[in-house]
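Hi,

Here's the structure I promised to pass along. Have a look at it first, and my notes follow right below.

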Amino acid sequence: LLWEPGVGKTWPVLNEAAYLESEGKISGLMVIAPNGVHRNWIVDQVPAHLPEELMERTRLFIYRTSKSKTKWHQAEAQAVLDDPGFSIVAMSYDSLKTEKGKAFWKAYLSSRKCMYALDESPRIKTPGSKISKRIVGSSVAAPYRRILTGTIVANSPFDVYNQIRFLDPKAWHEVGCSDFTSFKSTFGIWRKQQVSDGKGGMREFPMLVSYRNLELLQKIVAKYGSRLCKDQVLDLPPKLYSTRY
């Protein structure tokens, strides 16, 4: 869901999860979100948007890194893993850096069929980061995967590589990109640049000159996501700007 902030990305994810549960296709929803935002999913969004009938029989769990060593938190985590019914778990990206968080997250994904949702998915835009590797590597454990962001491209068109790969590990293979290096070669123009190595010599590195094949990039992204803007779905007056000193 590549929708602008404020359009409402949480509602369709929760309702789709409810539908898939009613069809017997999933028994859990795992949400990874920025710290604090993950709590809002359970405290605010789920009670507001999950159908009442399903809400009554759903176990909710907020993974709290700061409490992960306490007995009550460990008991709650184990209860979620042991519960055969439907559950919704929210974790922060930072929690996956910890060994306890990693262990619980892996156990939950492997214990049931899940919808796996990443809120603010540009958090995994860097393929080499530990969190990105863990999340993208685990994506195949869930039969249904979703990303939510209003800015899939935060700084560079290269930002889309890992986010789309979470949805489909082979998404870029159709354009001949088997890894991030070949992806950058396909969608960027590079030249060799030399700089001093600080020891009297020179070292060489590739420097990005410009981007290319962006229409092809857009075409691939469009296969996996939809875009909505506020002015398409909300009856709002135009923004007013004033300068104050």
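Let me start with a loop residue: Glu120 is partly exposed, its relative accessible area being 34%. Keep in mind that this is a predicted model. Glu120 sits in the loop that links E5 to helix H6 (130–138), and its phi is near 55°, so a positive value in a residue other than glycine. That caught my eye, since most residues other than glycine have a negative phi.

There's another case. Asn213 isn't a glycine either, yet its phi is positive, at about 55°. You'll find Asn213 in the loop between strand E8 (202–211) and helix H9 (214–224). With 39% relative accessibility, Asn213 falls between the 20% and 50% cut-offs, so it counts as partly exposed.

Now the sheet. It is open and built from five strands with parallel pairing, in the order E3-E4-E2-E5-E6. Strand E3 (59–62) and strand E6 (144–148) are the edges, each pairing on one side only. From one strand to the next, the twist averages 15°.

At the E3 edge, four bridges tie E3 to strand E4 (residues 87–92), and the two run parallel. Ile62 stands opposite Ala90 in E4.

Two helices to look at here: helix H2 (residues 37–49) packs on the sheet and touches strand E2 (28–33), E3, E4, strand E5 (114–119) and E6. The direction of H2 makes about 150° with that of E3. Helix H4 (residues 71–82) also packs on the sheet, touching E3 and E4, with its direction at about 135° to that of E3.

Cheers

Note on methods:
Residues numbered from 1 in each chain as written. Predicted model: local features only at pLDDT ≥ 70, side-chain atom pairs only at ≥ 80, totals over all residues. Heavy atoms only, no water. Pairing = 2+ DSSP bridges. Axes fitted to C-alpha atoms, helices over the stretch in contact; angles between N-to-C directions. Contact = heavy atoms within 4.5 Å. Buried < 20%, exposed > 50% of the residue type's maximum accessible area, 1.4 Å probe, protein only.
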